[in-house]
Structure formats: C-alpha cells, structure tokens
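Q: I'm new to this one. Could you take me through a single part of it, up close and in plain words?

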Number of protein chains: 2
Amino acid sequence: MKTRDRIVETAKRLFNESGTGSVTTNHIAAAAGISPGNLYYHFRNKEDIIRAIFDEMVAYGREGFTSIAFAPVSDPLRSMEEIFRFIQNFNRRYIFFKRELPSLVLGDPVLKERYKASHQATLALVRASVDRAVQTGFLRPLDEEERQGLAEMSWLIALFWINYLEVSGEKIDESSLERGIAISRMLIEAFMGREDISRE
Amino acid sequence: MKTRDRIVETAKRLFNESGTGSVTTNHIAAAAGISPGNLYYHFRNKEDIIRAIFDEMVAYGREGFTSIAFAPVSDPLRSMEEIFRFIQNFNRRYIFFKRELPSLVLGDPVLKERYKASHQATLALVRASVDRAVQTGFLRPLDEEERQGLAEMSWLIALFWINYLEVSGEKIDESSLERGIAISRMLIEAFMGREDISRE
DNA sequence: GTCTATAAGCGGATAGAC
DNA sequence: GTCTATCCGCTTATAGAC
C-alpha cells in the first residue's frame, strides 16, 4: 500500500475514533508508522488530508448509490430499504464526517462547494426515484411540491438518522439502524396509493 | 451585567460565528473585555463554559417549548407549525451547538448525559402530542409503533432541518425555514384522517 | 521518499500582586 | 474580582541530511 494511501486510511480511522479536532498530524504520522516530515511531503496540512478522505468518500458513495438506484426495481419498497441500508453503512464508515459536517464545510470553502455539489446530485437521484414511483402508480398522485418535499424528507432522514441515534445516546448497531429503515418505510407507505381504502 | 454572564454571552456569540474549535479562551476574554486570568477565575476551562451555555439553552428551550405545547389547541396543524417555528428560531440562536452536537457529546460525558435527558424529555412531549391528536381524531388511528415513528420523524426533522439547510449550502432565513415548516405539515397531513376519501 | 531535528507560535492554565 | 506575567506543552510546518 502506498504511503499516501496509508496516511488517508490511518487518518480516517483516527478521525472516526476521536474526531478531527483532537487528532494531530503527529498522531496520524505515528499511527501510520512514518515520520511527521514524511506526512508533510505527501500533504500540505490536515485540511488537505480531510479533503482527500472526502474525495474518496464521494467516489465510494457515488458508485454504490447509483448502482442500487438504477437497478431494475421489482418491489419499490424493498428497493428503498436497500438504498437506505447502504446509506446507513456508508454513514457509519465515514462517521466523523457525518458528525462534523457542518463545522467542516463552515471552515473550508473548497470542501463546502464539493459537498454541495455531491449533495445536490444525490438529492436529484432521490427526486427522480420519487417521480418514477409516482408515474408507475406505486405512490399516489403527488404534485410538484409534494414530490420535492417527500424526496427531501426521505433524504434528510437517511442523512441524519445516524446523528439522531448518536445524540439520543442510542447504540449504533444493526437493530437501531433497522429502526431507521422501519421509519422510512412508514413515511413511504403514508404516500402510497389508497387501494386499501377505495376498495371499502 | 455580571462578568460571568458576559463571558457566557460573548462565548456564545463567538462560537456561533466561528465554532468552538477555533475560538480560544483568550479570544473570549479579549472580546469580553477582560483578562485571561479573570476568565479562569469564573470558569475552570472552555468545556466548563460550553456546559454553562448548554444549561442556559436547556432552560430557555424548556420554557418556550412547554408553554407552547401545553397551550389549548384549536387548530392542531397551526399549533404544530408554531412549535416548529419556535424550534427553528431556537436552533438558530444556539446554532454552534447544533453544528457540533455529535462531537461535543462525544468528547464530554457530562454533556452527553445532560443532553440525552433533555432530548428524551422533549421527545416524550412530542409523543404525547401525537397521542392526543390520535385520540381527538385529528390523526387517523395509528398503532403504537406508528405513533412512536411519527413522533420521531417529526422530531428528527425539527432538529436537523437547520443542519440540512446548512450542508445543502442554502441560506438560513425566513423563507428556507418556512420550507421546513411546509414539509413538516406535509408529513402530518399524510397521517391525518381520511374523511376526504371516505366521503367519495 | 523518508528521516531527524528544530523553529516558531499558540493555547491552556496558574501564581501572585492589587 | 481582576489584572499582569509567565510557564508548560503541544502542534504545525520547514530545513536539510540520507
């Protein structure tokens, strides 16, 4: 494994454990088994390392997310669950980023722009997925505002569920993440067609 | 204004502007117009100041929230909007806390416990409000799991809407906060009674 | 590419005078 | 209660040898 990659991997692990604030470049170098000077040969500073992790994260996320989102859908509800499950594992993998996102983008304009772009791209995917579900009749007819609102709500819950668990003091494990999935399903079901009623 | 209070006020302002990470005790002392030594006479360290702000925040929130939540309700949907509006302004007022909450509770076990307690108390209020709405027939009949899920969804959106706006790169102003209210209303309406259907 | 050594600066925190 | 002075430790970042 190349030194540069080892720095990124090590930094990611340490950041997830203790947060970017308390992890120094010296800690990263020591944990990666290299000298501080060597670290600075590969990166200008800590911010630079964080950006590198971010870029890795975006690439990883785009790949996983689009491959699921564009797969042929037989059961939309199940498909939604799979996407949500992927996002939760994704968030866990880069949890320091989830924890510190507002602060990090606040302090780094470059990161802010990059994040904004990837955020909007993903939201557009969710929105497209909602539109498809309306067209196929899986969801009941929704106007423009409702479709956008549903997309944003789903996305918001997917994004922040792990933070919600953390600040609630709940453990982050299979069962608590499953609760998030159950809640998202509830949301979707509330906007599904009403055949059950119209048959009465 | 007492020195201690001026420290808390100044710290809150600086934290909201720049985050707790880049604001030092020296900055706070300078901005408050006192010496660093004096600051340390009133507080043991920065963590101690953050806890003081937190306690103020909890008191402010409890007061506002319960007074709205227990007011007589004529129009539940409007009442919900008011609560949401209060929470949004509350979040804006202590926005550094919203931004850094996961990190802060991660690094301070005392804060973690205090936050958890206030979080659960508030969630219980939301849950009670949902139960009332079901009993009065404003919401359609929902089972235990659905009521809990709806309470948590509403609470999650109220809590994280401002973070969602920030990481999206959207401005935080009246109109973007109003969008959050519209979305919450959409959520509630999706769980309302179905008189509109049953009349068909 | 990698190391050692170190400069430079800052933040946290305390001692002691007033 | 408040100030000045100061110390310690740590972090960032660079210079220069290998």
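A: Let's start at B:Thr3, where an N or O atom of the side chain sits 2.9 Å from a phosphate oxygen of DNA strand D. That's a polar contact, meaning a pair of N or O atoms within 3.5 Å; within protein, one must be able to donate a hydrogen and the other to accept it, and residues adjacent in sequence count only if both atoms are side-chain atoms. Keep in mind that this is a predicted model, where local features need pLDDT of at least 70, side-chain atom pairs count only at pLDDT 80 or more, and totals for chains, interfaces and linings use all residues. Residues are numbered from 1 along each chain as its sequence is written, chains are lettered from A and ligands numbered from 1 in the order in which they are written, and side-chain values use heavy atoms, with hydrogens and water left out.

Strand D has other partners too: the side chain of B:Asn38 puts an N or O atom 3.0 Å from a sugar or linking oxygen, and the side chain of A:Tyr40 has one 3.2 Å from a phosphate oxygen.

Zooming out, 16 residues surround DNA strand D, and B:Thr3, B:Asn38 and A:Thr25 are among the closest. Of the strand D atoms that come within 4 Å of the protein, 72% are sugar and phosphate. A residue counts as near the strand if one of its heavy atoms lies within 4 Å of it. H3(B) gives the most to this surface, with four residues.

Conventions
Helix = DSSP H or I, 4+ residues; strand = E, 2+ residues; numbered from the N terminus.
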